Structures are given as C-alpha cells and as structure tokens.
Amino acid sequence: MPGWEQIAEELFRRRYDPLDVSVCVVRAPEGLLVVDTRASHREADELLRDLRQLSDAPVRWVVNTHAHYDHTFGNARFSPPATVLGHERVPAHLAAYEVPMLAAWTAGARQPREEWAEVVITPPTELVGERRVLEVGGREVQLLHLGRGHTDNDLVVHLPDAGAWLVGDLVEESGPPMYGSGSFPLDWPGTLDRLGELLGDGAVIVPGHGAVVDAAYARAQREQLAEAAALIRELHAAGVAEQDALAAGSGRWPFPDEAVGPAVRDGYAQLRASGSA
Ligand SMILES: [Zn+2]
C-alpha cells in the first residue's frame, strides 16, 4: 500500500499535496469510511483510485471534518452512493464562504480555472449535531462536535478502540493553526480543552495537515491559541483599533503575522458580536 500510512488496525492515512492535507480511511469488509475528500473532482478521483490499494469495497460513508474547500470539494465524487456526514452548520458555511470563493476562482482568480469550474459543491447528506456514533466493521466510530474553533462546524472522528483522533484542522502540524474563513479564535482554546479532557494515555492525533502528533503536542498548540486569544482580548479592551492590533501586539504573538492577521479580524468580529465593542 505505497503512500498509505497505517495509523491503527484497519485505519489508514494518506497525505496529499497540495496543502499536505490528510485523508483517513477506516476499512471494513462491508465498506470504507473516508474522512475528507480533497479540493476538486480531479483530486477526489485520484483519491478514489488510491483507495483501491486498500480495498475493493465501496465507500459507504464520508465524513467532512469541516466545510473548508480542501476537505469537501471532492464530495460530489463520492455521493451518491456514499452517505456524507458533516456538522449541521456545514451547509451554512459552504454558502457563506466556499460558494463565493469558488465563484471567484472559477472567474479566473485561481488557476487552473477549468479544474475549479468542474467542482460541484456538495453538502453533507446527513447532518450531525453534538454527537453521532457509527458502527463500521463492528467497531465504534464517534463523530463529535466539541465547540467552535477553526470553524463553527468542526467534527472530530474518534475511534475508541484505537485511541485515535482525526481532528481535522483543530490541530495543525505542518504550519501554524489556520485562522480565517469562518474561524472563532476566542473559542478555539476551550474547544481544545474539551478535546484534551477526552484524550486517553497514548492518544494518536491525526491533524488535517501534517504529521501525526500526541496529546502533549495538542496541549502545546492549545497554549499558543490561548495566548493569541488573550492578546486579542487585551488589545480590544485597551481600545486598540482592529487595524492597529497586529502591530500593537508585535513580539507577543505566538504565530507569524500572516497567520495572526485573520485571527485579529475574526477575534474582533467575535468581540463586536458579543456586544463588548
Ligand atoms: Zn480548514
């Protein structure tokens, strides 16, 4: 199975460029569960071919860890017949962010234009609230929404018998956490606190981008996210204008400026929405 990394028994992961995005697969005799579908029809078709290295069984379930294009734009290639599960706010996020972005890319803002023009944005066929449990090959697969963070529609996929957690972009390894496009910087640390409470000893965490990490890594990233959130609150409380906040916090941000810019924007938006502006 060249290219596939075995994470646990009957659980596989493959890292795809561009973006070093993770696709995970739970293999069972009756079918496959695929977590995230990549960014276009062409990328999804490559994934479908690669799945045949693992099994001839059909893909019966797809889970979207969240609505971002690099995790959902391949959905149309799986469904029908696969059931696509996603958080209940995925459809609204797709409409608010991914649909206009795809329209701009198709109009020529991002190459190759033809590849983007093929994409048919396909929402989940089954929406998940706080929790949903599937049985795949006789094992339990939990889908959990732990709160807002990278988006308001992040789902983590937990395989209790393997101690494995497929966390989408709530934790990132190949770069700093990605803010923007519907992120909730002020809620993100609390969501990782809830994840941290659930992680057992030896938990195996598969980020949406990058290498497999452990609970200590997730805790450390939680601390950085908490530092960023605290600084956004501090600057806002001190009356620093949004456009001046990045510079005003210079030297204190836990992430590079290009990562923090969208965090300031979305964090200030959260503070305005909560009526403290
Ligand atoms: Zn994302």
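Pro81 sits in the loop between helix 2 and strand 6, and in this predicted model that loop is a good place to start looking. Pro80 is found in the loop between helix 2 (69-72) and strand 6 (83-87) as well. What kind of peptide bond joins Pro80 and Pro81? The bond is cis, with omega about 10 degrees. The step just before it, from Ser79 to Pro80, is also a cis peptide bond, and there omega is near -10 degrees.

**The chain as a whole**

Now step back and look at the full chain. How many helices and strands does the chain have? There are eight helices and twelve strands. Along its principal axes, the C-alpha trace spans about 60 × 50 × 30 Å. A compact globule of 277 residues would have a radius of gyration near 19 Å, and the chain agrees because its own value is 19 Å.

Of the 277 residues, 54% are buried. The accessible surface of the chain comes to about 11,400 Å², and carbon and sulfur atoms account for 50% of that area. Contacts tell you about the fold too: among those with a separation of 6 or more, 64% are between residues 24 or more positions apart. The chain also carries 24 positive and 41 negative charges, and the mean positions of these two sets are 3 Å apart.

**Aromatic rings**

Six aromatic pairs are present in the structure. One of them joins Trp105 and Trp116, with 4.6 Å from centre to centre and 55 degrees between the planes, which makes the pair tilted. Trp105 belongs to helix 3 (residues 90-109) and Trp116 to helix 4 (residues 113-118), so the pair ties together parts that are eleven residues apart in sequence. Are these two residues, Trp105 and Trp116, buried or exposed? Both Trp105 and Trp116 are buried. If you widen the view a little, you will find Trp105 and Trp116 in one aromatic cluster with Tyr69 and Phe73.

**The loop between strand 4 and helix 1**

Two residues are worth finding in this next loop. Arg38 lies between strand 4 (31-35) and helix 1 (41-51). Its phi is near 70 degrees, a positive value in a residue other than glycine. Arg38 has a relative accessible area of 2%, so it counts as buried.

Asp36 is found in the loop between strand 4 and helix 1 too. With a relative accessible area of 3%, Asp36 is buried. Which residues does Asp36 contact, leaving aside its neighbours within four places in sequence? They are Ser22, Val23, Leu47, Val63, Asn64, Thr65 and His71. One of these partners, Leu47, is eleven residues from Asp36 along the chain, and the two C-alpha atoms are separated by 10 Å.

**More places to visit**

Ser181 gives you another positive phi in a residue other than glycine, this time near 55 degrees. You can find Ser181 in the loop between strand 11 (164-168) and helix 5 (188-198). Its relative accessible area is 23%, so Ser181 is partly exposed.

Helix 5 itself contains Gly196. At 38% relative accessibility, Gly196 counts as partly exposed. Gly196 and Ala218 are 22 residues apart in sequence, while their C-alpha atoms are 7.7 Å apart in space.

Finally, look for Thr122 in the loop between helix 4 and strand 7 (126-128). Is Thr122 buried or exposed? Its relative accessibility is 15%, and buried means under 20%, so Thr122 counts as buried. Not counting residues up to four places away in sequence, Thr122 touches Asn75 and Ala76. Thr122 and Gly74 are 48 residues apart in sequence, yet 8.2 Å apart in space from C-alpha to C-alpha.

Here are the separations of three of the residue pairs you have met, side by side.

| Residue pair | Apart in sequence | C-alpha to C-alpha distance |
|---|---|---|
| Asp36 and Leu47 | eleven residues | 10 Å |
| Thr122 and Gly74 | 48 residues | 8.2 Å |
| Gly196 and Ala218 | 22 residues | 7.7 Å |

Definitions and conventions:
Residues are numbered from 1 along each chain as its sequence is written. This is a predicted model: local features need pLDDT of at least 70, side-chain atom pairs count only at pLDDT 80 or more; totals for chains, interfaces and linings use all residues. Side-chain values use heavy atoms; hydrogens and water are left out. Helices (H or I, at least four residues) and strands (E, at least two) are DSSP runs, numbered from the N terminus. The radius of gyration is taken over C-alpha atoms; the globule rule is 2.2 Å times the number of residues to the power 0.38. Buried means under 20% relative accessible area, exposed over 50%, partly exposed in between (1.4 Å probe, protein chains only). Contact means heavy atoms within 4.5 Å. Accessible areas come from the Shrake-Rupley method with a 1.4 Å probe; for residues, only the protein chains shown count as cover. Lys and Arg count as positive and Asp and Glu as negative; His and the chain ends are not counted. The place of a charge is taken as NZ of Lys, CZ of Arg, CG of Asp or CD of Glu. Rings of Phe, Tyr and Trp (its six-membered ring) pair if their centres lie within 6.5 Å; planes under 30 degrees apart count as stacked, over 60 as edge-to-face and the rest as tilted.
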